[in-house]
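Student: Could you zoom in on one long piece of this model and talk me through it properly? I'd like the geometry to start with, then what the side chains there are doing and how they relate to the rest of the chain.

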Amino acid sequence: MGLSVIISLVYGWEMTLLILSIAPVLALTGMIETAVVTGFANKDKQELKRGGKTATEAVENIHTIVSLTREKAFEQTYEETLQIQYRNTLKKGQIIGSCYAFSHAFVYFAYAAAFRFGAYLFQTGRMTPEGMFM
């Protein structure tokens, strides 16, 4: 990568500086997206584990539950756990989708800035098409 940066600085230092100034923003948005997705994945794991514990307890103690006629109580507890998970998943979908859109939008903003600046450099004669493709 170092060699490609040196070559690009030789043939078009202005364009290279623009792209190098945008690169940290692109890296930061990618890191934010990754952190949000990872954080929600860990939270999902804990919520599903809690629902699994309720189901496991009901299955292991089925004779006691039936003799005490507590089937509805365990079913309701399990259903509430799943409803909480469902509501959280709906919220997470919106947040993760927004982070994904935000981070990927910056890629296209970088393209737009580079193309606009490249067109400006061509118009002013400060860069040739050959220099751009080098």
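**A close look at helix α1**

Tutor: Helix α1 covers residues 2-60, which makes 59 residues, yet its end C-alpha atoms are only 61 Å apart, where a straight helix at 1.5 Å a residue would reach 87 Å. Bear in mind that this is a predicted model. A bend shows up in α1 too: at G12 the helix turns by about 130°.

Now the side chains. L3, I6, I7, V10 and Y11 make up a nonpolar patch on the surface, and together they offer about 510 Å² of accessible area. Take two of its members. I7 sits in helix α1 and is partly exposed, because its relative accessible area is 36%. V10 is also a residue of α1, but it counts as exposed, because its relative accessibility is 62% and the exposed class begins over 50%. The spacing in that patch is worth a thought: residues three or four places apart point the same way, because an α-helix has 3.6 residues a turn.

V10 also gives us a ruler along the chain. From V10 to T38 is 28 residues in sequence, and their C-alpha atoms are 40 Å apart in space.

Next comes E14, which holds the polar story here. The count for salt bridges comes to one, and E14 is half of it: its side chain meets that of R126 at 2.2 Å, N to O. This pair links distant parts of the chain, with E14 in helix α1 and R126 in the loop between α3 and α4 (129-133), 112 residues apart. The two partners fall into separate classes of accessibility. E14 counts as buried, because its relative accessibility is 12% and buried means under 20%. R126 is partly exposed, because its relative accessible area is 49%.

D44 is another acidic residue to look at in helix α1. At 22% relative accessibility it counts as partly exposed, given that the buried class stops at 20%. If you go looking for R116 from there, the C-alpha atoms of D44 and R116 are 43 Å apart, with their positions 72 residues apart along the chain.

Since R116 takes us away from α1, let's finish with the aromatic side chains. The whole structure has four aromatic pairs. One of them is Y108 with Y111, an edge-to-face pair at 5.7 Å centre to centre and 80° between the planes. Y108 and Y111 are three residues apart in helix α3 (residues 71-124), so about one helical turn separates them. Y108 counts as exposed at 56% relative accessibility, whereas Y111 is partly exposed at 46%. F117 and Y120 form another pair, this time stacked, at 6.1 Å centre to centre with 25° between the planes. That spacing is again three residues in α3, so F117 and Y120 are about one helical turn apart. F117 is partly exposed at 25% relative accessibility, and Y120 is partly exposed at 36%. Finally, F102, F106 and F109 come together as one aromatic cluster.

So for your close look, keep three places in α1 in mind: the bend of about 130° at G12, the nonpolar patch that includes I7 and V10, and E14 with its salt bridge to R126.

How values were computed:
Residues are numbered from 1 along each chain as its sequence is written. This is a predicted model: local features need pLDDT of at least 70, side-chain atom pairs count only at pLDDT 80 or more; totals for chains, interfaces and linings use all residues. Side-chain values use heavy atoms; hydrogens and water are left out. Rings of Phe, Tyr and Trp (its six-membered ring) pair if their centres lie within 6.5 Å; planes under 30 degrees apart count as stacked, over 60 as edge-to-face and the rest as tilted. Helices (H or I, at least four residues) and strands (E, at least two) are DSSP runs, numbered from the N terminus. Buried means under 20% relative accessible area, exposed over 50%, partly exposed in between (1.4 Å probe, protein chains only). The expected span of a helix is 1.5 Å times one less than its number of residues. The bend at a residue is the angle between axes fitted to the seven residues ending there and the seven starting there. Patches are made of residues with over 30% relative accessible area and no salt bridge: like charges are joined within 9 Å, nonpolar side chains (Val, Leu, Ile, Met, Phe, Trp, Tyr) within 5 Å. Accessible areas come from the Shrake-Rupley method with a 1.4 Å probe; for residues, only the protein chains shown count as cover. A salt bridge is a side-chain nitrogen of Lys or Arg within 4 Å of a carboxyl oxygen of Asp or Glu.
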